[in-house]
Amino acid sequence: MTELLSASGDAARADAEVLVVGVFSGEDAPVLPESLAGVDARFGGRLAEQLAALGNTGAASSLTRLPAPADLPATLVYAVGLGDAGDLDDETLRRAAGTAVRAAFGKRSVAIAFEGDPEATATGAILGAYKFEGFKTDGNGDAAPESISVYGASDDAVAKARVLGESVALVKDWVAAPANLLRPPTFAIEIEQAALAAGLEVEILDAEALSAGGYGGVLAVGGGSAAEPRLVRLTYRPEGARKHIALVGKGITFDSGGYSIKPAAGMWEMKFDMAGAAAVVGATIAAAKLGLDVNVTCTVALAENLVSGSSYRPSDVLTIRNGMTVEVLNTDAEGRLVLADALSRAVEDEPDAVYDVATLTGGQLVALGRRTMGLMGTDSETERVRRLGEAAGEPGWPMPFPDDIAKLMESSIADVSQVAAGMKRDGHMIQGGIFLSKFVPEEIPWAHLDIAGPADADSAYGYTAKGATAVPVRTLVALLEEHAG
């Protein structure tokens, strides 16, 4: 992984192959901050003029490459726009740094000199340095820079950015992995190895233990696969911590839809259906590495939803861990069934708050698009997630639980229907949240994060490469930090 370093002193003396400078937007030419006076002097005081001639007026995340002057210890200068100086925020810095680092793939070293919060710059830089190596026998193109220096960053800021970058990279690697190499038993082992390395306690329930424990949802969904399901629990207990937060994740390592089979077109994307589980594991590991003063229990349900003679069927009635019965109408709405079990187990620990994350519904993508999470649950917690997610660059939007949609979830033969009676699509995303609410007691603050769209980027932007995004790892870490006080 790229080494992230702090730097101090004059950026004009940066010893790196690429020097990245941030400029603000102006009417006819970019505006250079005073901190770049030394760099501007190396350009004969004409850096802004040269950038304007090349069409760069400082718009956010715009990037212009220039050969470095002979007396500047760098080969290239990248000028990245930061937008209006008065509107500069952390997400602008993160995206600008990530844009620059992604443009510097194939270069040995990068030094970044931006105004604003150096921690945000460092975070964007390390996120932008991620690349999934893949399985190409001849390599996968240019590599990320070996080292990145961020001017003005403290050692603590760099250390935190490095932890976030490591957790995000771990999650992206898992989500991008092909489904044949990350089936439930394998994924459980990989989670265990990563968690133990971070000092966490690990418990893994196999199919026999799931049966003994009454986990009817996980067993039904995973029953059609030769790779048996698992439920994994991670425990982080720092000495003296007062609050206890439960994180819960959906881990469907591949989703064919079962007997309610999906269309062939796009089914290959269903290897991403474990992104929620990966995210909550990544956030828990990050909390341990950062030493956050909060107890965390992470519960993830892992299963592969395939078609066979042992698959569950539409019309089945399942008994969930908490004793509730569920009428199944659609085997492609499997995520809420494994989450029902995982949530039921998580609330047995009486946590102070519960957050579950899942690529749950196509309705989220239809309603909110690829970059905005759907948030449901207790008003206080959905607003907390919205606020912290916005600050982290992982936006979400709270959704209501209308009575008319809730009524659609009633079943004539079981405690609750898995989807709306008659398979009505009304409020599809909201249906999923209403179903999950049945498995969280009203007295426990709770938020459900539907990341069906945000888990995967269909194109690169800012610090985000095409493919797995690891949303909402950084939002979850911010939640845990806030609960830690």
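**Exercise 1. A salt bridge at the surface**

Is Glu-49 buried, partly exposed or exposed, and at what relative accessibility?

*Solution.* Keep in mind as you work that this is a predicted model. Start with the value: Glu-49 has 46% relative accessibility. Next, take the cut-offs, where buried means under 20% and exposed means over 50%, with partly exposed in between. Glu-49 therefore counts as partly exposed. Now look at its partner: Arg-46 forms a salt bridge with Glu-49, and the closest N and O atoms are 2.9 Å apart. Arg-46 is partly exposed too, with a relative accessible area of 41%.

**Exercise 2. A link between distant parts of the chain**

Find the salt bridge of Lys-160 and say which helices it links.

*Solution.* First, identify the partner: the side chain of Lys-160 meets that of Glu-481, at 2.8 Å from N to O. Then place both residues: Lys-160 is in helix 5 and Glu-481 is in helix 15. The two are 321 residues apart, and the pair links distant parts of the chain. Finally, check the cover of Glu-481: its relative accessible area is 27%, so Glu-481 is partly exposed.

**Exercise 3. More salt bridges**

How many salt bridges does the structure hold, and which residues do salt bridges with shared partners join into one network?

*Solution.* The count is 27 salt bridges. One of them brings together the side chains of Lys-262 and Asp-255, with 3.6 Å from N to O. Both of these residues are buried. As for the network, salt bridges that share partners join Glu-203, Arg-233, Arg-321, Arg-345, Glu-348 and Asp-349.

**Exercise 4. The surroundings of Ser-167**

Describe where Ser-167 sits and what it touches.

*Solution.* Begin with the element: Ser-167 belongs to helix 5, which covers residues 155-176. Then test its cover: with a relative accessible area of 1%, Ser-167 is buried. Now list its contacts, leaving aside neighbours within four places in sequence: Gly-282, Ile-285, Ala-286 and Val-473. Look more closely at Gly-282, whose backbone oxygen lies 3.2 Å from a polar atom of the Ser-167 side chain.

**Exercise 5. Reading a small sheet**

What is the strand order of the open sheet of three strands, and which strands are at its edges?

*Solution.* The order is 11-12-16, and the pairing is mixed. Strand 11 (317-319) and strand 16 (416-417) are the edge strands, each pairing on one side only. Next, follow strand 12, residues 325-327: it runs parallel to strand 16 and is joined to it by two bridges. In one pairing you can trace yourself, Glu-327 has Ser-417 of strand 16 as its bridge partner.

**Exercise 6. Unusual backbone geometry**

Which peptide bond leading to Pro-472 is cis, and what is the phi of Ala-470?

*Solution.* Start from the general rule: most residues other than glycine have a negative phi, and most peptide bonds are trans. The bond from Val-471 to Pro-472 is cis, with omega near 5°. Pro-472 is in the loop between strand 19 (467-468) and helix 15 (473-484). Ala-470 lies in the loop between strand 19 and helix 15 as well, and its phi is positive, near 65°. At 5% relative accessibility, Ala-470 counts as buried. For a further example, turn to Met-423, with phi near 60°. Met-423 is found in the loop between strand 16 and helix 14 (428-437), and at 39% relative accessibility it counts as partly exposed.

How values were computed. Residues numbered from 1 in each chain as written. Predicted model: local features only at pLDDT ≥ 70, side-chain atom pairs only at ≥ 80, totals over all residues. Heavy atoms only, no water. Pairing = 2+ DSSP bridges. Helix = DSSP H or I, 4+ residues; strand = E, 2+ residues; numbered from the N terminus. Buried < 20%, exposed > 50% of the residue type's maximum accessible area, 1.4 Å probe, protein only. Polar contact = N/O pair within 3.5 Å; in protein donor to acceptor, adjacent residues only side chain to side chain. Contact = heavy atoms within 4.5 Å. Salt bridge = Lys/Arg side-chain N within 4 Å of Asp/Glu carboxyl O.
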